[in-house]
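Here is a short briefing on the structure shown below. Points are grouped by topic.

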Amino acid sequence: MSRTSVGRTTAITAVALTATLVAACGGGGGDAGDGTVKLSIGIFSDFGFTNLIKEYQASHPGIEIEQRTVKMEQHHTQLATQLAGGRGAADIVAIEEGNIAQFRQSKDKFVNLADHGALELKDQWAAWKWNQGTTDDGKFVLGLGTDMGSLALCYRRDLFQAAGLPVEREEVGKLWPTWEKYLEVADTFTAKTPDKKFVDAAQNVYKAILDQTEEGYFAKADDGFIADSNDKVEKAFTLAASLGEKKQTGALAPFSQDWNVALKQASFATTTCPAWALALIKAGAGDEAAGKWDVAAAPGGGGNWGGSFLAVPKQGEHVKEAAELAKWLTAPEQQKRIFKETGNLPSQPAAYQDPEVTATTNEYFNSAPVGQIFGNSAESLKPTYRGTKDSVVTPMFNNALSRVETGKQSGAEAWEQAVNEAKAASAK
Amino acid sequence: MRLSWRDKLTRWDGKYTPYLIIAPFFLVFGVFGLYPLLYTAWVSLHDWQLIDGDQGFTGLANYAELLSDGNFWNALGNTVSLFLLSTVPQLFAALGLAALLDRGLRGRAFWRAGVLLPNVISVAAVALVFAQLYGRDFGIVNSLLGLVGVDPVDWRAETWASHLAISSMVMWRWVGYNALIYLAAMQSVPKDMYESAMLDGASRWRVFWSITVPSIRPTLLFTVIVSTIGGMQLFVEPQLFDPGGTATGTGGDDRQFQTLVMYLYEKGFRLFDAGYSSAIAWVLFLLILVVAMVNFAVTRRIASKG
């Protein structure tokens with residue numbers, strides 16, 4: 001759904017590597033002799049489609065649907081090679097928000113969903129989500145939005161209590177109206193409980209702050225590189241780096257094996273949590289931590305982190321049927337059900353404003369009213385512009401923060417190196 | 001004299017059948033080996049994007065850029081370092097293991113099959129287990145080091161630590177395999193040579209270095225060449241050791257354990273720069289060729305001495 005599965009388990013990689021080979025040999029779709037249309041959907045984590053697919057097959061005899069799940073990075077790499085080779089891609093493919101700008105460059109490999117009546121559905125989505133999936137001034141519809149990642153902050157109640165901080169989510173939210181205040185809370189926390197880390201990783205904080213700005217590394221107007229002049233990027237970096245310099249982070253690779261272990265061992269107290277991250281935290285921390293994690297409002301207001309789109313590669317044999325299915329899966333009624341099943345927040349106002357959705361609570365997270373928290377956050381959301389080379393330069397800044405966390409560089413040195421690398425890569 | 005029809009067939013058979021029999025190999029090699037190799041060379045001369053294809057001929061520009069690319073030299077250095085760190089101790093360990101297996105052990109078949117097990121297990125599974133062993137906060141290796149009073153090591157962050165950890169993974173996988181090859185060679189060493197040495201009062205150690213090792217020299221050289229080729233192409237172990245995984249593919253936050261193939265993968269499949277990636281592939285191919293030729297020359301010299 002999002003940046004969920006980054007390095008989640010290496011075992012998945014093993015499966016994915018194998019799947020890459022197998023899928024590289026197999027074609028997309030294809031027909032059985034009896035006139036059945038076989039459609040495949042390529043996804044990279046639980047999109048909540050399993051039950052919906054069964055239903056769709058029941059109401060559409062003659063259509064058979066198969067899901068192919070691989071790890072997120074593998075998924076996008078594999079898709080790129082399949083598009084390049086002209087075969088092998090699934091009939092419907094999921095593309096993550098951070099990658100869609102890169103694929104937008106190759107739109108001629110995809111079906112323009114406007115030709116399949118997508119334009120009439122435009123108002124289903126939050127305007128920004130719709131825009132992210134389109135190009136050519138909205139005339140070319142590349143992808144239909146599935147979920148989004150509106151932002152909140154998860155914290156561990158028992159660790160907050162031990163540090164003498166408030167534990168109720170309203171009060172916790174009030175502790176950090178801004179990220180500067182969040183850093184102050186970190187200092188208080190560290191002074192009281194020096195053995196525990198305040199936050200899992202500097203790069204998560206950085207990403208969250210950056211996702212609250214209108215422009216990040218690249219200018220909205222002309223896609224030009226502006227990270228060196230956009231002081232918001234430097235500010236976000238400096239704030240996150242200072243947590244690293246003070247050793248208040250766990251220096252963990254987000255969603256990695258170590259991250260899971262650290263969750264299990266309760267070694268950090270807060271982490272940024274877009275809607276899709278709740279499932280990951282629950283899986284990592286395990287049943288014995290039920291009720292110990294809670295969800296509060298994020299510092300600095302709403303932001304969007306992650307979320308995906310469904311696109312239809314041109315090479316498929318049944319693009320018409322595929323487009324119909326993609327439209328059905330992304331319709332508000334279906335997205336609402338997905339939220340209830342998986343917690344993936346819909347990107348359609350009709351779905352996230354639905355009383356059923358807003359009334360949803362998450363028992364594991366101390367019965368936090370997640371529907372309300374994420375719904376509110378979605379309302380105030382101003383998405384960041386993603387440049388074509390966003391996915392190219394992002395790792396440079398993440399690596400830089402990691403170097404600060406491991407004490408190899410100061411924040412200023414790391415920043416300088418990252419900006420220079422990113423500038424060179426963007427000039428190409 | 002006129003040849004009979006049957007004679008002609010026999011001659012034809014003798015002349016051409018061997019070629020027919022080996023032809024499938026060359027056919028398959030041509031399709032899956034030579035063609036990709038040449039196509040890669042062609043791609044490397046272009047500005048070639050993975051999805052969108054050819055963006056124009058650029059001649060040797062990719063190669064020129066490669067030579068002044070610090071990240072390339074860094075990856076080359078890491079590859080050589082990882083290769084030396086894993087191959088040298090690996091081959092010595094295999095030699096020792098083979099010598100032990102060569103002696104009359106109880107349950108010989110069990111031990112011999114056992115040493116091959118690590119090689120049979122999927123490399124991804126091995127990497128997963130080792131990644132946990134070398135965990136910074138909760139890894140077993142660090143807790144063992146803690147018992148003897150050594151501070152925990154951040155195995156992924158430090159250059160040397162990460163190289164040692166990855167090398168140990170490679171060794172674990174390949175020591176048994178090489179040991180079995182050595183063992184096979186050792187068993188064909190004539191026993192009477194050992195007997196006469198023993199009669200002359202030579203120690204086991206002396207017998208091993210003066211008789212066993214020189215006798216299996218061609219096998220030693222074979223394993224050196226194969227390990228070299230494998231070592232230069234090291235990819236999965238370090239890639240899966242990287243907590244960022246393929247998301248970054250940089251081999252640590254400072255590229256401290258990025259190998260050449262990882263760099264190739266990063267350029268080609270994360271950044272979609274197929275032209276540059278192909279140039280790396282070709283340089284790597286040439287490097288391996290040079291190393292193999294050096295090995296070959298050394299083999300010939302040593303073989304003729306023997």
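A nonpolar core here is a set of buried Ala, Val, Leu, Ile, Met, Phe, Trp, Tyr and Cys residues joined through side-chain atoms within 4.5 Å. Buried means under 20% relative accessible area, exposed over 50%, and partly exposed in between, with a 1.4 Å probe and protein chains only. The model is predicted: local features need pLDDT of at least 70, side-chain atom pairs count only at pLDDT 80 or more, and totals for chains, interfaces and linings use all residues. Residues are numbered from 1 along each chain as its sequence is written, chains are lettered from A and ligands numbered from 1 in the order in which they are written, and side-chain values use heavy atoms, leaving out hydrogens and water.

**Nonpolar cores**

- The largest nonpolar core holds 88 residues. A:Tyr182, A:Tyr206, A:Val295 and A:Phe397 have the most contacts inside it.
- Apart from that core lies another, of 31 residues. Among them are A:Ile63, A:Ala94, A:Ala114 and A:Val141.
- Contact means heavy atoms within 4.5 Å. Not counting residues up to four places away in sequence, A:Val295 touches residues including A:Cys154, A:Tyr155, A:Arg169, A:Phe365 and A:Phe374.

**Helix H18 of chain A and its partner**

- Helices (H or I, at least four residues) and strands (E, at least two) are DSSP runs, numbered from the N terminus.
- H18(A) covers residues 390-405, 16 in number. Its first and last C-alpha atoms lie 23 Å apart, close to the 22 Å expected at 1.5 Å a residue. The expected span is 1.5 Å times one less than the number of residues.
- Of the 16 residues of H18(A), 15 are buried, so the helix is largely enclosed by the rest of the structure.
- A:Gly407, just after H18(A), has a positive phi of about 75°.
- H9(A), residues 202-210, packs on H18(A) at about 135°, with the axes 9 Å apart. Axes are lines fitted to C-alpha atoms, for helices over the stretch in contact, and angles run from 0 to 180 degrees between N-to-C directions.
- H9(A) and H18(A) are therefore oblique to each other. Under 35 degrees counts as roughly parallel, over 145 as roughly antiparallel, 65 to 115 as roughly perpendicular and the rest as oblique.
- At this packing, A:Ala202, A:Gln203 and A:Tyr206 of H9(A) meet A:Phe397, A:Asn398, A:Leu401 and A:Glu405 of H18(A).

**Helix H3 of chain A**

- H3(A) spans residues 72-85; its 14 residues should cover 20 Å at 1.5 Å a residue, and its end C-alpha atoms are 20 Å apart, which agrees.
- Eleven of the 14 residues of H3(A) are buried. Among them are A:Met72, A:His75, A:His76, A:Leu79 and A:Leu83.
- A:Gly86 follows H3(A), with a positive phi near 80°.

**Loop residues**

- A:Thr330 sits in the loop between H13 (319-329) and H14 (332-342) of chain A. A:Thr330 is buried, at 0% relative accessible area. Leaving aside neighbours within four places in sequence, its contacts include A:Trp125, A:Leu144, A:Thr146 and A:Gln348.
- A:Asp137 has a positive phi of about 55° although it is not a glycine. A:Asp137 lies in the loop between strands E4 (134-135) and E5 (140-141) of chain A, and is exposed at 77% relative accessible area.
- B:Phe272 is likewise not a glycine, yet has a positive phi of about 60°. B:Phe272 lies in the loop between H12 (260-270) and H13 (274-305) of chain B, and is buried at 8%.
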